[in-house]
Amino acid sequence: MYQQSISNPDAFWGDIAKSFYWKKEWQNPVRRYNFDVRKGPVKIEWFVGAETNLTYNALDRHVEAGHGDRVAFYWEGNDLNEQSVTTYKQLLDQVSQLANYLKSVGVKKGSDVTIYMPMIPELPAAMLACARIGAVHSVVFAGFSAESLAGRILDSKPTVVLTASAVKRGAKPINLKAIVDDALKKVETQDHSVKTVLVFDHKLAAQRESVPFVEGRDVWWQDAVAQHPTQCDIEWMGAEEPLFKLYTSGSTGKPKGVEHTTGGYMVGAATTFKYVFDYRPDDIYWCTADCGWITGHSYVTYGPMINGATQVLFEGVPTHPDAGRAWDIVDKYKVTLAYTAPTAIRALQSFGNDWVTKYSRASLRILGTVGEPINPEAWKWYHEVVGDGRCPIVDTWWQTETGAHMITPLPGATTLKPGSATLPFFGVEPAILNEKGEEIQGEGEGYLVIKQAWPSCMRTLSGDHNRFETTYFKVYPGFYFTGDGCRRDSDGYYWLIGRVDDVINVSGHRIGTAEVEGALTQHPRCAEAAVVPVEHPIKGQGIYAFVTLMVGTEYPPPPELKKELVATVRDVIGPIATPDVIHWAPGLPKTRSGKIMRRILRKIASKEEDQLGDTSTLADPSVVQTLLQLRGQ
Ligand code: WTA
């Protein structure tokens, strides 16, 4: 199938697409694209002329086929004994009611809607309600700060925001509504106003009475939505009309709004789900990702639902109330397919095997991982201890931008190697380039690029097609540039090495160094900051910040200042961007033209100062000694 997908992509994807419902067929050829900036603007189109709707494919089609009673979600709350079951028919009704509500407050085809919610069934339902009526959803992970949320709202300018009163993560309650209120205050100072905030009353996390409400703007979800009919017409969408935006960190500037469209994304997300998890109708699938990330889009809301899968939706953290929670959930719901991130695997591994072996886990069939390179030790533990050596591991490499799995094993078909994402999925033609941009044949290491368009490729960056071309297509003209380093071994297997740009992968989440630097400099005493990744035993990479204080400061300053700086970053971006180390830097290593030499900072951060290399090009080579003296202070 892979050979066919590369030699005749039109025929291959045309055949695959026949298993979906299309209101209107596409015109041939199936794909039209230009990846080469030298030949004109970058443009990617699939299934031109066709019309479909993802929600119809994810819900109505299954209900119409008589599967309305099949469970869509087994929801497992943060605390033990909080649970609910939603069938496909019930979900269809809920989604339709919500879609009708959205229409009643003015949401139309093409409108933007921001979603800031915890992992409750209403979150994927909200995404599906938008898709049903052609509204473009932008889900913001409900761990981002008010300021991050405000930035994303200001970029897409929705008139409606969907949220919940609060959420509990482990033992800690978080007042989501208060964060939304703060964000909207900031938004209003920038001349945009959100007309409606629909608030899900999450009774398990907060008392309704304690939630502040803005008269005329805020509405309780349960009161408003239930009054709407459970029938809602489908908005048939052109294959290239937008489905969603999702903001992700880049190496510079503010987060980028990655835009995905309808037809290609649907085919990509659903087809990868089907093959990569070898999906069968009696499977119980559990993906631990939050819908605030691309994994939750493609492998909670869309891919599994379009396949009619039954899934577990977990609101909490796998170590609450204890380190056995994940395996307890596996046994409780007889999970067959489990999909998580290396950081979670390493965290659970650190509690010891007894927490795992105390549960049966006999239902497990396939284990998946995503988000960052998985170290072979964690891979082996996942395989041998969690899966009792029975379950293939699918190490899936892909990105927000790619929409769906790109390099991944097919369970049962691909011989596995611990730590390698193995081989490309159907239709994906990777290449490895050297520094000069020349393609390396056979074995070798360099920059990972993709040679031809695949269906679920993003189409543009929100409002900035220029940045889209510059970031992904101008680096090596003719190729899609992934931003990842990669090695290909003598068997043709791909080994992802990590980001080659200024993006840090913290627990599988992308954080731009520039964003953290920008946040640090919001503290009145911070003059300049330079942030680099550092190896971290659980998180994969941690955030290491060199901070220069305002002129006149004595080093080291009082210890509280570190706490204040860390708190500033948490306020500005969110807890996921918490710096692990603050290293005082009276001066930063800069070239004579003023460019910070991050290579040197990376070596200092990882305690490899014996490998600093040539420092003679520094404007002031003595800063290195000063930095080394201030380590740990
Ligand atoms: C990294 C997450 C190695 C990579 C789906 C990529 C991985 C970035 C893997 C995208 C993997 C993701 N092995 N590295 N299996 N999966 N990555 O956009 O650096 O949040 O570029 O998408 O995560 O992160 P994003």
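**Note on the predicted model: loops, domains, ligand site, helix pairs**

1. Proline 556 sits in the loop that runs between strand S30 (540-549) and helix H17 (560-572). The bond leading into this proline, from tyrosine 555, is cis, and its omega is near -10°. Please look at this loop first. The model is predicted.

2. There is a cis bond at another proline. Asparagine 28 and proline 29 are joined by a cis peptide bond, with omega about -5°. Proline 29 belongs to the loop between helix H2 (9-17) and strand S1 (31-34). Most peptide bonds are trans.

3. Which sign does phi of asparagine 81 have, positive or negative? Phi is near 65°, so the sign is positive, and the residue is not glycine. Most residues other than glycine have a negative phi. Asparagine 81 is placed in the loop between strand S4 (71-76) and strand S5 (83-87).

4. Now the N-terminal annotation. The unreviewed UniProt entry gives "domain: Acetyl-coenzyme A synthetase N-terminal" for residues 1-58. In the model, that span is 34% helix and 17% strand. Its end C-alpha atoms are 25 Å apart. Proline 29, in the loop between H2 and S1, carries a number inside this range.

5. For residues 65-453, the unreviewed UniProt entry lists "domain: AMP-dependent synthetase/ligase". Helix makes up 31% of the stretch and strand 23%. The C-alpha atoms at the two ends are 33 Å apart.

6. The third annotation, again from an unreviewed UniProt entry, is "domain: AMP-binding enzyme C-terminal" at residues 515-595. Here strand accounts for 31% and helix for 23%. The end C-alpha atoms lie 17 Å apart. The cis bond from tyrosine 555 to proline 556 falls within residues 515-595.

7. Which residues come nearest to the ligand? They are Asp395, Thr400, Asp484, Arg499 and Arg510, out of 17 residues around the ligand.

8. Polar contacts to ligand nitrogen deserve a check by eye. Aspartate 395 uses its side chain: a polar atom there lies 2.7 Å from a nitrogen atom of the ligand. Threonine 396 uses its backbone, with an N or O atom 2.8 Å from a ligand nitrogen. Glycine 371 also uses a polar backbone atom, 3.0 Å from a nitrogen atom of the ligand.

9. How do helix H2 and helix H9 (residues 263-276) pack? Their axes come within 11 Å and cross at roughly 80°. An angle from 65 to 115 degrees counts as roughly perpendicular, so H2 and H9 are roughly perpendicular to each other. H2 contributes Trp13, Ile16 and Ala17, while H9 contributes Val267, Thr271 and Tyr275. By class, this contact has five nonpolar residues, one polar and no charged.

10. Helix H5 (residues 122-133) and helix H10 (residues 294-306) form another crossing. The axes come within 10 Å, at an angle of roughly 75°. H5 and H10 are therefore roughly perpendicular to each other. On the H5 side, the contact involves Pro124, Met127, Leu128 and Ala131. On the H10 side, it involves His297, Thr301 and Tyr302. Five of these residues are nonpolar, two are polar and none is charged.

Technical notes:
Residues numbered from 1 in each chain as written. Predicted model: local features only at pLDDT ≥ 70, side-chain atom pairs only at ≥ 80, totals over all residues. Heavy atoms only, no water. Axes fitted to C-alpha atoms, helices over the stretch in contact; angles between N-to-C directions. Helix = DSSP H or I, 4+ residues; strand = E, 2+ residues; numbered from the N terminus. Parallel < 35°, antiparallel > 145°, perpendicular 65-115°, else oblique. Contact = heavy atoms within 4.5 Å. Nonpolar A, V, L, I, M, F, W, Y, C, P; charged D, E, K, R; others polar. UniProt positions renumbered as here; feature names shortened; annotations may be inferred. Near = heavy atom within 4 Å. Polar contact = N/O pair within 3.5 Å; in protein donor to acceptor, adjacent residues only side chain to side chain.
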